[in-house]
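The following exercises are to be worked with the sequence and the model at hand. Each task is followed by a solution in steps.

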Amino acid sequence: MTNRNQLSLHFPGFNGRRIEGDFDGGEVSSDGGVLLLRQVDRWLGLTKRLAEVLPDRRDPDRITHSLESLLQQRLYGLALGYEDLNDHDALRHDVVWQTAAERDEALGSSSTLCRWENRAGRQEAWRMHQVLFEQFVGSFEAAPEELILDFDATDDRVHGAQAGAFFNGYYRDYCFLPLYVFCGDQLLVSYLRPSNIDAARHAWAVLALLVKALRRHWPQVRILLRADSGFCRWRLFRWCERHGVDYLVGLAKNTRLNALSAELRAQAEAEHQAQGEKVRLFGEFFYKAHPWDRERRVLVKAEHNAHGPNPRYLVTGLDRGPQELYEITYCARGEMENQIKAQQLDLFSDRTSCHAWWANQFRVLLSAGAYVLLEALRRLGLADTELARAQVGTIRLKLLKVGTVVVRSPRRVRLWFSSAFPLQDVFRQCVACFYG
């Protein structure tokens with residue numbers, strides 16, 4: 001961006017040289033990687049598809065900025081670390097950003113973006129989730145044999161008078177309670193909920209919709225529901241059993257479960273005292289809580305370490321061994337928690353500061369769209385590189401924040417990236433991967 005200022009800047013010199021500066025360097029941007037995001041976006045067709053399905057409630061005769069360009073501004077901005085709409089009052093004049101949005105003039109201002117977001121409603125939320133699902137299905141070249149759906153809720157703290165904000169006793173603060181569903185690293189659901197509800201509220205309905213839609217595409221696919229004890233609801237298990245869906249869900253410990261596992265836990269304690277090291281033993285039994293309709297298989301991890309006993313319980317309909325199910329299948333859900341952190345910490349899904357409920361849901365889904373872009377970049381463009389498993393913030397810092405000099409003429413936009421950029425080969429690989 002150019003901000004011309006004739007007052008020179010003076011810095012301490014060295015070796016007899018003076019060090020001077022000014023803001024007269026021409027069109028220079030710190031966000032050269034936004035063109036790489038544009039490449040990924042064109043490959044996926046994400047913002048184009050969103051612009052096709054989202055309603056545009058603006059007066060057609062007064063539209064200056066297309067719906068697609070507004071989506072590009074927000075998704076690219078979140079991916080590059082700009083959480084506030086006010087950031088776009090400066091970014092809109094950056095030639096690199098204008099090029100990414102395929103425009104030759106200033107992009108939308110913060111007020112334009114704010115009005116657009118606050119018009120969002122239920123229809124936008126539903127259609128954006130449909131596009132997330134389309135992106136997921138389109139990422140497979142062949143029908144998968146098995147899909148593991150990870151469900152989890154998290155707190156989205158608020159600091160104002162937002163509609164739907166309540167005090168949550170577990171998190172000890174005013175917050176929302178969004179529900180996320182991932183399959184591997186890919187995001188399927190980003191659903192904002194008030195926090196005065198059960199953490200499993202609506203999970204059954206969301207699962208039913210996903211299973212129906214997935215089997216419409218892949219009738220033979222095996223589906224596994226994986227979640228922590230916040231989703232341990234017997235009616236959900238019964239629905240899974242009736243519809244051929246496997247489940248592996250945490251079960252909160254209680255006195256009855258501890259009694260049923262007492263012998264195994266005592267054995268783990270004895271072995272720990274004899275060896276002086278952490279001991280893990282695995283077992284199983286059938287258990288029926290009072291409200292449940294029948295007994296179900298429960299797996300137990302009887303662990304004893306220097307801090308004392310650490311038992312864990314899982315309820316499942318699968319017939320594989322307890323140790324395999326716990327250590328290989330269930331513990332892998334921890335990766336989902338990293339992706340939720342990426343949503344909130346790196347892509348600002350918790351920037352839900354609008355008063356209106358649906359505007360905040362829309363912001364959560366804009367963050368989800370930015371995640372889809374970066375996840376595709378990591379999964380496809382960064383495969384077999386040092387950034388193949390990098391977090392969103394690392395990809396932004398190392399790959400997308402590239403100093404760039406821009407020269408734009410009527411026939412060409414020429415970009416000179418920094419000669420000292422350390423990941424030039426990785427950047428070239430990504431551009432080649434998504435070219436076409």
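**Exercise 1.** Determine which residues L36 is in contact with, leaving aside its neighbours within four places in sequence.

Solution. Contact requires heavy atoms within 4.5 Å. Under that criterion, and with neighbours within four places in sequence set aside, L36 touches L377, L399, L400, F427, C430 and V431. Next, place the residue: L36 belongs to helix α1 (residues 34–44), where helices are DSSP runs of H or I with at least four residues and strands are runs of E with at least two, numbered from the N terminus. Then consider exposure: L36 has a relative accessible area of 1% and is therefore buried (buried is under 20%, exposed over 50%, partly exposed in between, with a 1.4 Å probe and protein chains only).

This is a predicted model, in which local features need pLDDT of at least 70 and side-chain atom pairs count only at pLDDT 80 or more, while totals for chains, interfaces and linings use all residues. Residues are numbered from 1 along each chain as its sequence is written, and side-chain values use heavy atoms, with hydrogens and water left out.

**Exercise 2.** Describe the surroundings of strand β11 (residues 246–251).

Solution. Begin with its pairing; two strands pair if DSSP finds at least two bridges between them. Strand β10 (residues 222–227) runs parallel to β11 and is joined to β11 by four bridges; L224 has D246 of β11 as its bridge partner. From β10 the chain passes through helix α9 (residues 234–242) to β11, a right-handed β-α-β crossover (clockwise from the first strand over the helix to the second, with the strands pointing away from the viewer). Strand β15 (residues 312–316) pairs with β11 in the antiparallel sense, also over four bridges, and T316 of β15 lies opposite L248. Finally, five of the six residues of β11 are buried, so the strand is largely enclosed by the rest of the structure.

**Exercise 3.** Characterise the packing of helix α6 (residues 110–118) against helix α14 (residues 357–381).

Solution. The two axes come within 8 Å and cross at roughly 110 degrees; axes are lines fitted to C-alpha atoms, for helices over the stretch in contact, and angles run from 0 to 180 degrees between N-to-C directions. Accordingly, α6 is roughly perpendicular to α14, a class that spans 65 to 115 degrees. The contact involves W116, E117 and N118 of α6, together with A359, F362, R363 and L366 of α14.

Definitions and conventions:
Parallel < 35°, antiparallel > 145°, perpendicular 65-115°, else oblique.
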